[in-house]
Amino acid sequence: METFLKTVGALNDETRLQILHFIHTNGEVCVCELEEAFSMIQSRVSRHLKILKDAGFLRVDRRGKWAYYTVRSPLDRFRLECLEEISYLEMPVPRDMLTCKKENSL
């Protein structure tokens with residue numbers, strides 16, 4: 001029951017739904033790309049990502065000082081169905097990947 005509640009709780013926030021849909025649509029996404037796309041500070045983005053990761057939706061790959069998030073694979077049927085339902089929601093989600101800060105700091 002704890003896993004179910006954690007999963008449902010993670011989806012009980014519009015911003016997290018938008019972030020999850022954005023990552024699902026764009027594939028691997030750097031935290032800095034999410035900061036730019038959603039006009040949010042890093043700590044707020046990271047908090048949302050941690051909740052989604054702890055709920056079993058995301059996988060993180062750390063490379064140097066950057067963290068890259070993807071939808072975890074494989075997902076169980078419940079989480080897959082959640083992702084499918086999220087794709088039908090009408091919500092504002094950035095369409096384009098913006099220039100990542102990491103590219104400017106090389």
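Guide: In this predicted model, Phe22 and Phe38 are both buried, and we shall return to them once the overall layout is clear.

Visitor: How many helices and strands are there in the chain, and in what order do the elements run from the N terminus on?

Guide: The chain has six helices and three strands, and from the N terminus on its elements follow the order α-α-β-α-α-β-β-α-α. Of the 106 residues in the chain, 42% are buried.

Visitor: How many aromatic pairs does a search of the whole structure find, and why is the pair of Phe4 and Phe78 called tilted?

Guide: The search finds two aromatic pairs. In the pair of Phe4 and Phe78 the ring centres are 5.5 Å apart, and the planes meet at 35°; since planes under 30 degrees apart would count as stacked and those over 60 as edge-to-face, this pair is tilted. Phe4 belongs to helix α1 (residues 2-10) and Phe78 to helix α5 (residues 77-88), so the pair ties together parts that are 74 residues apart in sequence.

Visitor: What makes Phe4 and Phe78 count as partly exposed?

Guide: Buried would require under 20% relative accessible area and exposed over 50%; Phe4, at 46% relative accessibility, therefore counts as partly exposed, and Phe78, at 33%, counts as partly exposed as well.

Visitor: Why is the pair of Phe22 and Phe38 called edge-to-face?

Guide: The ring centres of Phe22 and Phe38 lie 5.5 Å apart and their planes stand at 75°, and because planes over 60 degrees apart count as edge-to-face, that is the name this pair receives. The pair links distant parts of the chain, with Phe22 in helix α2 (residues 14-26) and Phe38 in helix α3 (residues 31-38), 16 residues apart.

Visitor: How do you know that the span of α5 agrees with what is expected?

Guide: At 1.5 Å a residue, the 12 residues of α5 should span 16 Å, and the C-alpha atoms at its ends are 17 Å apart, which agrees.

Visitor: Which residues of α5 are buried, and how do you know that they line one face of the helix?

Guide: Arg79, Cys82, Leu83 and Ile86 are the buried residues of α5. Looking down the helix axis, one finds these buried residues within an arc of 100°, so they line one face of α5. They pack against α1, α2 and β3 (66-71), whereas the face turned away from the buried side carries the exposed residues Arg77, Glu85 and Tyr88.

Visitor: Why does His21 count as buried, and which residues is His21 in contact with, leaving aside its neighbours within four places in sequence?

Guide: His21, which lies in helix α2, has 16% relative accessibility, and since buried means under 20%, His21 counts as buried. Apart from those neighbours within four places in sequence, His21 is in contact with Ile86, Ser87, Met91 and Val93.

Visitor: What makes Ser46 partly exposed, and which side chain does a polar contact join to that of Ser46?

Guide: Ser46, whose place is in helix α4 (residues 42-54), has a relative accessible area of 23%, and because the partly exposed range lies between 20% and 50%, Ser46 is partly exposed. A polar contact of 2.6 Å joins the side chain of Ser46 to that of Gln42.

Terms used
Residues are numbered from 1 along each chain as its sequence is written. This is a predicted model: local features need pLDDT of at least 70, side-chain atom pairs count only at pLDDT 80 or more; totals for chains, interfaces and linings use all residues. Side-chain values use heavy atoms; hydrogens and water are left out. Rings of Phe, Tyr and Trp (its six-membered ring) pair if their centres lie within 6.5 Å; planes under 30 degrees apart count as stacked, over 60 as edge-to-face and the rest as tilted. Helices (H or I, at least four residues) and strands (E, at least two) are DSSP runs, numbered from the N terminus. Buried means under 20% relative accessible area, exposed over 50%, partly exposed in between (1.4 Å probe, protein chains only). The expected span of a helix is 1.5 Å times one less than its number of residues. The arc is that of the directions from the helix axis to the C-beta atoms. Contact means heavy atoms within 4.5 Å. A polar contact is a pair of N or O atoms within 3.5 Å; within protein, one must be able to donate a hydrogen and the other to accept it, and residues adjacent in sequence count only if both atoms are side-chain atoms.
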